[in-house]
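Dear colleague,

Please find below the structure I am handing over to you. My findings follow it.

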Amino acid sequence: MEVSSVQRLCLHLISAAFQRCRVSEDLCRLSVVLKRSSDSDPSTVRISISDTGIGTSLEEFQGLKFSREVFDAQKWDGVLNVQTTNIGDDEIYHYHLNLRESNSVRRLTRLPSNPKNGAKFSGTEIYLSISESIDVFLAEVIRFFQKILVLKIPNVAIELVAEEGGVPGSQYRKVFLANECNPVPFSASNVERLKSGLEDYVMKHGNSLHRKCDSCFPNWEHLKVGSGRACCAESHRSAGLQMEVVIIVSEISETSPCFRSSSAETEVLYFKDFSPCPITQSSLTALTNIDWKSYGLVLKSIAVQGGYTALEWENLPPNIHFDMVLHCYHKQYQFTPPGQKTRSNRNLIKKAAKLALDDLKEKHAGALLSAHALKICSYAPDLARTIAGLILSSNDSEFQEECFSILGLQSQNIRNEIVEDSIQQKIISVIQMNDGKPLRSKEAASSFLFEDERLQEPNIQEEEYDAGEHVFSSLDF
């Protein structure tokens with residue numbers, strides 16, 4: 001991994017600590033403390049990153065590479081101090097790493113260790129000193145943790161502390177808990193956690209609030225959620241790559257005090273192996289190649305700036321918001337040496353995204369209708385008015401009774417508007433049922449337009465399957 005700034009290095013170290021906690025079988029704590037010196041050098045900030053997860057591996061540091069700007073800026077001396085231990089170790093090991101040293105062997109100096117005296121625990125602490133604005137760095141870390149919460153890893157509690165040395169009342173302290181709102185069981189799958197985490201992220205406006213915004217989301221009905229999961233079968237070429245996509249469409253009243261005028265823009269959250277990171281080029285290509293028009297959306301552009309990725313739409317109504325999260329990870333935890341490239345996941349992303357979009361459409365009638373379906377729906381009022389006129393103007397009372405029965409209406413005192421509305425609802429429901437389905441399915445669905453629902457018998461021989469998950473062989477790529 002090549003680090004381009006001191007901030008990127010610190011976020012990498014925080015992410016590594018989070019991974020050590022995640023793979024532990026116990027409840028863990030991750031603590032980040034920022035403290036400005038009050039003595040001879042008030043511009044220096046001491047950063048401590050500690051966790052109670054499994055002990056660290058020195059391979060995490062030996063392969064780190066740095067751009068020249070990291071050291072030229074004179075913000076960091078290149079020194080990391082590390083102390084770590086595993087549950088089965090008898091000692092706490094101390095290391096001094098000088099990352100200015102180009103020779104990876106000479107980077108590491110082992111210092112005297114401390115005995116554990118029979119105690120059984122594991123954990124790691126890394127600390128370094130930098131010359132940086134504590135406010136700027138604090139904002140970066142908060143944003144990082146706000147994204148981490150989307151993964152909703154239940155066994156990790158995160159603590160963030162910032163303190164201006166010698167200034168009374170200057171301490172900032174915040175605890176980030178994955179299951180604080182809308183809790184999910186520990187046994188939940190990764191994609192179920194991702195769904196719940198994105199719901200929290202949306203309802204707490206990017207996890208910037210302690211609880212969901214009741215002004216924008218008085219109930220759960222304002223959220224329409226779809227998820228998709230695609231995986232590459234394990235083989236000698238692949239370690240079981242998984243791709244999960246969750247999409248949320250939400251509706252917010254324009255009178256809400258939190259109404260966002262930039263609703264035509266969608267932030268895409270991207271995670272790789274349970275860590276937030278900038279989106280890859282292959283992922284951008286996959287998003288560009290999705291047939292968005294078949295879901296009633298017109299993609300205008302994709303903007304990437306730093307770690308922020310946004311999709312801009314041409315036709316999204318101002319009160320509709322579209323949120324998306326992508327997570328690519330390996331089925332079995334594996335340490336990827338810094339700098340090692342992983343194989344392209346473009347096809348997996350495209351398939352998982354389509355499954356998520358289809359899942360949302362299936363669960364929520366009328367959501368994400370294609371441009372073609374919307375055009376047909378616009379003709380429904382005129383067609384319903386014509387059919388209603390034919391029914392009501394008929395002199396055949398038996399024909400009228402049969403029509404009213406099919407429409408679920410009582411024959412007494414029926415007004416023209418009631419018949420029109422009932423016919424229009426049936427037309428639109430069939431259009432929604434057909435949208436996105438193959439031709440053979442559409443022919444079957446068209447029979448529901450004027451079928452008596454009382455005569456429909458359930459097909460007990462129909463097999464059940466999970467439409468939200470596809471498995472692909474590595475030979476598909």
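In this predicted model, the side chains of Thr124 and Thr84 form a polar contact at 2.9 Å. A further approach from the side chain of Thr124 is to the backbone nitrogen of Thr56, at 3.3 Å.

Thr124 belongs to strand E8, which covers residues 123–131. Its relative accessible area is 3%. Thr124 counts as buried because this value lies under 20%.

Leaving aside residues up to four places away in sequence, Thr124 touches Arg20, Ile49, Ser50, Asp51, Ile54, Gly55, Thr56, Val82, Gln83 and Thr84. Both polar partners named above, Thr56 and Thr84, therefore appear in this list of contacts, which is drawn with a cut-off of 4.5 Å.

The contacts Val82, Gln83 and Thr84 lead to the strands that I examined next. Strand E5 comprises residues 79–85, and strand E6 comprises residues 91–98. These two strands pair in the antiparallel sense, with six bridges between them. A hairpin of five residues connects E5 to E6. Within this pairing, Gln83 has His94 of E6 as its bridge partner; Gln83 is also one of the residues that Thr124 touches.

On to the next pairing: E6 is joined to strand E7, residues 108–115, by six bridges, and the two run antiparallel. Here His96 stands opposite Thr109 in E7.

Which residue should be inspected for side-chain contacts with both Thr84 and the backbone nitrogen of Thr56? That residue is Thr124, at 2.9 Å from the side chain of Thr84 and 3.3 Å from the backbone nitrogen of Thr56.

With kind regards

Terms used:
Residues numbered from 1 in each chain as written. Predicted model: local features only at pLDDT ≥ 70, side-chain atom pairs only at ≥ 80, totals over all residues. Heavy atoms only, no water. Pairing = 2+ DSSP bridges. Helix = DSSP H or I, 4+ residues; strand = E, 2+ residues; numbered from the N terminus. Buried < 20%, exposed > 50% of the residue type's maximum accessible area, 1.4 Å probe, protein only. Polar contact = N/O pair within 3.5 Å; in protein donor to acceptor, adjacent residues only side chain to side chain.
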